[in-house]
Amino acid sequence: MLAERRRYTAHAERYEAEAEQLVSEREPGDVQFDEESGEGDSIAVERDRALQISAREREEIAEIDAALARIEDGTYGICVVSGKPIPKERLEAIPHASMRVEVKSSGPAWRRP
């Protein structure tokens, strides 16, 4: 999991740097989004894409950190919702999984009180 965390961190940092570079290279006269002309600012679109990817990578890092904390406190491999063991096959596929497949696949319903 630590190697995976390092990989996600490197990706997140790379995409954040890419987004910042796009902003720093922008010329004052670059095309802005204009509803009348229908033209979009491709730099802004690329920057948003890079920031979205970086945010997804940061979410994965948070999930890995949570799994590492569960290892520390002895609750790793236990579904955080149902309290039942997470099957070994699921943990092999997604080491930072916090829920059993049937809980995760039930969608947001597991979040309701």
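1. In this predicted model, helix α2, which covers residues 42–73, supplies three residues to the lining of the largest pocket, and this is the largest share of that lining. The pocket holds about 160 Å³ of space. Its lining is formed by E63, A66, R70, R90, I94, H96, A97, S98, M99 and K104, a set that divides by class into four nonpolar, two polar and four charged residues.

2. The length of α2 can be checked against its geometry: the helix has 32 residues, which at 1.5 Å a residue should span 46 Å, and because its end C-alpha atoms lie 47 Å apart, the expected and modelled values agree. Just after the helix, G74 adopts a positive phi of about 80 degrees.

3. The buried residues of α2 are A50, I53, S54, E57, I61, I64, A67 and R70. An α-helix has 3.6 residues a turn, so residues three or four places apart point the same way. In this model the buried residues of α2 pack against α1, which spans residues 2–24. I would note that R70 appears both among these buried positions and in the lining of the largest pocket.

4. On the α1 side, V23 belongs to that helix, and it counts as partly exposed because its relative accessibility is 39%, a value that falls between the limits of 20% for buried and 50% for exposed. Although V23 and E46 are separated by 23 residues in sequence, their C-alpha atoms are 10.0 Å apart in space.

5. The largest nonpolar core has six residues in all, namely C79, I86, L91, A97, M99 and V103. In soluble globular proteins, nonpolar side chains tend to be buried together. Two members of this core, A97 and M99, are also found in the lining of the largest pocket. When neighbours within four places in sequence are left aside, A97 is in contact with R70, I86, R90 and L91; of these partners, I86 and L91 belong to the core, while R70 and R90 line the pocket.

6. For the chain as a whole, the model has four helices and zero strands, and the pattern read along the sequence is α-α-α-α. Of the 113 residues in the protein chain, 23% are buried. Among contacts between residues at least 6 apart in sequence, 49% join residues at least 24 apart.

Terms used: Residues are numbered from 1 along each chain as its sequence is written. This is a predicted model: local features need pLDDT of at least 70, side-chain atom pairs count only at pLDDT 80 or more; totals for chains, interfaces and linings use all residues. Side-chain values use heavy atoms; hydrogens and water are left out. On a 1 Å grid over the protein atoms alone, a cavity is a set of points where a 1.4 Å probe fits but cannot get out, and a pocket is an open set with protein on both sides within 12 Å along at least five of seven lines; lining residues have an atom within 4 Å of a point. Grid points are joined across faces, edges and corners, and a volume is the space filled by probe spheres set on the points. Helices (H or I, at least four residues) and strands (E, at least two) are DSSP runs, numbered from the N terminus. Ala, Val, Leu, Ile, Met, Phe, Trp, Tyr, Cys and Pro count as nonpolar, Asp, Glu, Lys and Arg as charged, and the others, Gly among them, as polar. The expected span of a helix is 1.5 Å times one less than its number of residues. Buried means under 20% relative accessible area, exposed over 50%, partly exposed in between (1.4 Å probe, protein chains only). Contact means heavy atoms within 4.5 Å. A nonpolar core is a set of buried Ala, Val, Leu, Ile, Met, Phe, Trp, Tyr and Cys residues joined through side-chain atoms within 4.5 Å.
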